[in-house]
Structure formats: structure tokens, C-alpha cells
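Me: Please examine the structure shown below and answer a series of questions on its strands, its largest pocket and two of its residues.

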Amino acid sequence: MNPNSSSPLASQESSASTNRLKAQSLIDALAAPVLTHIIDGKACVSIDGQISSNRSPVDGSELNKTALGSEADVRAASLSSSIAFESWRLWPAAKRRDVLHAIADKLESNAEAISLIETADTGQPLHFTGKTATRGAENFRYFADLCTRASDGHSYPTPTHLNYTMREPIGPVGAITPWNMPFMLATWKIAPALAAGCTVVHKPAEWSPLTATLLAKIALEAGLPAGVLNIVQGIGDGAGSALTQDPRIKAIAFVGGTKTGSRIMAQGAPTLKRVHFELGGKSPVVVFDDSDLDRAVDAVAFMIFSLNGQRCNAGSRLLVQRSIHDQFVERLVKRAQSIRVGDPFDPATEVGPLIHGVQLAKVKEHCDRAQQAGATIHCGGVPIGNPALHPQGHWFAPTVVSGVTASMDIVREEVFGPVLAVLPFDDEAEALALANDSRYGLSTYLWTSNVGRVHRLARSFQSGMVWVNTEISRNLSTPFGGMKDSGVGRDGGDWSFDFYMETRNVCIALDEHRIPKIGKN
Ligand code: NAD
């Protein structure tokens, strides 16, 4: 439902309700009577029989029951992964490549089911989840094609020695993922690990468990051997924590909040886990008055309001040159007010409900506190029920807040909702200082037509990624990751293999150098 027009088209409503019914019957087929773990190629419930309830982001009603994993389930999964590792690591790379492509094929042929289930589970509109299977398949295909090069190394010849390197998979690894883009992020971690020759135990987020089990089932059907990809459902303090402490697991690839990352680092310390963290962000968008403002408005609106604002790379701090501040804010407000907020199953919806009532309350509290501190809320700032679906549903209106100061929480903390905080700046130096005034360092977006300024700022921004005159445009070969509290390590191309593989150096003498002698007269 569009908050600005109280009666959506009947045809949209009927297609939305058809989609919702389809999604529920797919969920029932996947998860009735309970969504299982996948361990050693078999669907199984928890060893202690515990289950949890998975609830709809729309209104909190139950979508399905989920097996609630504990340490015992994680132990079974890691044992299975370590046994499977011994054969999977020896598979010829071309054979691994073929099975990863077969998984990609099956993801594409299950695209509609993946999209509908993901929408039911996360509240992300079909408008976005419609592409999730394709993105997942791209991740598998990209890394499938790198399989045959994964263990390649470098050579470093000198007049007396030849050094060469080789890579080998590190072992069974754990992947722990969040709820905002669960399917895409799972494939983003799992595909390179499998391509490297690792086996994986994946623990998805408890608020979005469905597509992880589906992915493992699809992978098995595509020919992935049992035990190469195990799924353990559960909560962070249970299955998640056990996975990070399991001695058989050699590395943890984690996507989620910064505090959780820090806990995982501590939990993994006794077993010296290698960690890769993609964490939170408060990414600035810096707009100079010489930029193409039409394109900038499009990109700013997209990077904060798409995916319900629940994206790590959201451009959630807008720094705009004072000379264009008012007109730019006005244009953004108009845009925010015309966004179609509503039923995620309606193909026309652009913003759906937030994942959970807890998240809705957190986003609202941020807006309330900013307003109490003197900020101006131009639009949004409040939850909006949806009479057709649920009057107290988890929707939050797209929000633009100005008149904020750099010390306010709404500028400093990750809100993780459709909320944009706007600050003015006068010149390049002030823009740079404001952009870097954050504990986070994931992305910076820069809008300007001044080439010199692009290069000056690109090397001064404290973020792992700088996007110039563009929204996020992902190229899987490029390094993806954050600085400061936004992460540890990089994903993409060879960076992923460096994480999932050990590098060995071999040094061979050409038998001509002088060996130092001791104990010889
Ligand atoms: P979260 O940190 O609460 O949970 C993420 C995962 O960690 C879940 O599977 C959870 O069960 C698990 N977990 C929680 N505590 C754990 C523990 N002690 N040990 C092991 N596992 C544990 O994050 P969330 O709320 O699910 O997701 C939102 C966060 O994810 C945001 O901060 C967002 O910025 C971040 N994120 C980052 C990226 C990126 O690429 N940088 C991408 C998407 C999301």
C-alpha cells in the first residue's frame, strides 16, 4: 500500500495475494512440519529436539517452525565437513567447476521460488528479491570459473634460488550470515569457499532461515557431495557461538553487526580462527554543487531506500554542499514521499516492512531522539500500518532528516532502516572531515564533476570502497570490504581465495650459493 494513496489497484492486490499464497505453499513444502538442518546430505531436526518459530516481517505471524541448533548439531556438522573435506579438496578443479555451474543452473531454474520465499522471510519486496537467485547464480558462476586457477601461485626467481608459491584450501570453514539479504550473502560466502576446495558449515540468521536450507537442498540435487555444505539453523548465542569455537572449523566468514564481529573474534581466539568480517556501516554520500544533480538524486534515494534501508552499504549520511542543500533536500523529500511502500508481494512495491518489530522500534527510536534533539524530520519518521494487510505491521515511512549535528546518534550510528540524515558542508576540506568523522569505514559515495577533486578525495576517504558518480555497482573481481569498525579483510576475486586458502612458499636453491658454515674450522 502506498501511504500517499490509500487505495491500491485491485489487480495489484490480487497479484500480491496470489504471490503470498504461492510463497506460503512453497514454505510449507520446504519446511513443514519443521525447517531442518542439512547435515551430511540429510535433512535433520536438532539432536535435542528444540525448535523455534520463524515469523513474518509483515505482522509477526508464524511462517514456519525451524530446528533450533545447539552445540551438538554444530559438532555433527563440523565432523561431516571435515570428513567431506578430505575428498572434496582432491576433486579435480574442473570437476568442482562443473558442479558449481550445475548449482548456478538450478538456482536460475528455481528463481521464482527463491524470490517468493525470500520475500516472505525478509519483507524485501519482490522488486528486489526477483534478482536474488540471479545474483546468487552469478556468484557461483564467477567462482566456478576461477576454480582451475585457485591454487595457482607466483614465482620469485633470484640468481641463487627459486621461490614459488602454491595455495591449498584451509579446511572446513564456517559462514555466519545476517537477515537483510540472506540468500545473496550466503552464496557470496559459500561459492568462493567451495571453489577454493573448502567445505562449509553455514549458520544463517534466525530471523531469515528459509533460503539457506533451500540452497543446500538445491546444491545436493545439483551433485554437490554430502557434507560439503552443511546448514545448521539456530541463534547466535547457540549454534553461532558453537561454530566459532569448534576446533575443526579453520576460519569464520562473518557478515553482520560490528559488536557481533568483535564477540566472534574473542570466541574464535582460543582455536586461532582466521576471520573475515563484513560489518556495519554509516556510509557518507558527498554531493558537490558541480555534480549531475538528477543522477545524484536517483542514486542517493536508491542507496538509502532500496532493500528497505536495511543494507550495510546504505548511503545513510548525506553531506551536501550548502549552496544546493535546500533544493537537494526538497527533491529527495519529494522522491521519498512518492516511493511505493507496501505489501512486499505486490510487484509494484519498492519498500516493504522491516524485518521485525524489534528493528522497527529501533528505527523509530533513532528518529524520535533526533527530533527531540532539534532535528527536522521532513518526511517519514514514523511507522506506518497497512490497513489491507496489518494495521500494526512493521512498515516505516521513508525518512529524510536535516538540521542534524555530527554528534547526534542518527549521524553516528547505523540505523539500518529507510532513514537519511543530511548535513551541509561549505568546501572540500569540510566535506572530507565530515565524511571521515565516523567509526565506520565501509563505503563513501562521491558526486562531483571535478576530476582533480575525485582523485584527491578518493585517496583521503577512510573507507574500503569509494564510489564516484555511481551507486553501488558490483564487479565480482574487485575487493569488497570495510576499514575501521566496518570489517576485516576483503572479498572478491583472488581476495576471497586468499582468505579460504593457505599459501605455501617453496624455496629451492640452484646449488650455487654459499651456505654459511658454523662449527667447521
Ligand atoms: P547480527 O550481528 O546480529 O547477526 C548476524 C549473524 O551473526 C546471525 O546469523 C546471528 O545469529 C549471528 N550471531 C549473533 N551473535 C553471535 C555470536 N555470539 N557468535 C556467532 N554468531 C552470532 O547482525 P544482523 O542484525 O543479523 O544483521 C545486520 C548487520 O549486518 C548490520 O550491522 C549490517 O550492516 C551488517 N551487514 C554487513 C554487510 C557487509 O557486507 N558489510 C552486509 C550485510 C549486513
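The questions and answers below concern a predicted model.

Me: In the open sheet that contains β6, which strands are the edge strands?
Reply: The sheet is open and consists of three strands in the order β5-β6-β22, with antiparallel pairing. An edge strand pairs on one side only. The edge strands are therefore β5 (155–157) and β22 (501–509).

Me: Which residue of β6 stands opposite Tyr-156?
Reply: Strand β5 is joined to β6 (residues 161–169) by three bridges, and the two run antiparallel. Within β6, the residue that stands opposite Tyr-156 is Asn-163.

Me: At what angle to β22 does helix α17 run?
Reply: The sheet itself has an average twist of 15° from one strand to the next. Helix α17 (residues 493–500) lies across β6 and β22. Relative to β22, the helix runs at about 85°.

Me: Is Asn-230 buried or exposed?
Reply: Asn-230 is found in strand β9 (residues 229–231). Its relative accessible area is 0%, and the cut-off for a buried residue is under 20%. Asn-230 is therefore classed as buried.

Me: With which side chain does the side chain of Asn-230 make a polar contact?
Reply: Residues that Asn-230 touches include Ile-38, Asp-40, Ala-77, Ser-81 and His-202. The side chain of Asn-230 reaches the backbone oxygen of Ala-77 at 3.2 Å. Its polar contact with another side chain, at 2.8 Å, is made with Ser-81.

Me: Which element gives the largest share of the lining of the largest pocket?
Reply: The largest pocket has a volume of about 1100 Å³. Of the 39 residues that line this pocket, the closest to its centre are Trp-179, Gly-256, Gly-257, Thr-258 and Thr-260. Two or more lining residues come from each of α9 (236–245), β10 (251–255), α10 (258–268) and α13 (357–372). The largest share, six residues, comes from α10.

Me: Is Cys-379 buried or exposed?
Reply: Cys-379 has its place in strand β14 (residues 376–379). Among the residues it touches are Val-333, Gln-337 and Pro-398. Because its relative accessible area is 6%, against a cut-off of under 20%, Cys-379 is classed as buried.

Me: What distance separates the C-alpha atoms of Cys-379 and Thr-148?
Reply: Along the chain, Cys-379 and Thr-148 are 231 residues apart. In space, their C-alpha atoms are separated by 52 Å.

Definitions and conventions
Residues numbered from 1 in each chain as written. Predicted model: local features only at pLDDT ≥ 70, side-chain atom pairs only at ≥ 80, totals over all residues. Heavy atoms only, no water. Helix = DSSP H or I, 4+ residues; strand = E, 2+ residues; numbered from the N terminus. Axes fitted to C-alpha atoms, helices over the stretch in contact; angles between N-to-C directions. Contact = heavy atoms within 4.5 Å. Buried < 20%, exposed > 50% of the residue type's maximum accessible area, 1.4 Å probe, protein only. Polar contact = N/O pair within 3.5 Å; in protein donor to acceptor, adjacent residues only side chain to side chain. 1 Å grid on protein atoms, 1.4 Å probe; cavity = no way out; pocket = protein on both sides within 12 Å on 5 of 7 lines; lining within 4 Å. Points joined across faces, edges and corners; volume = space filled by probe spheres on them. Lists of a residue's contacts leave out its neighbours within four places in sequence.
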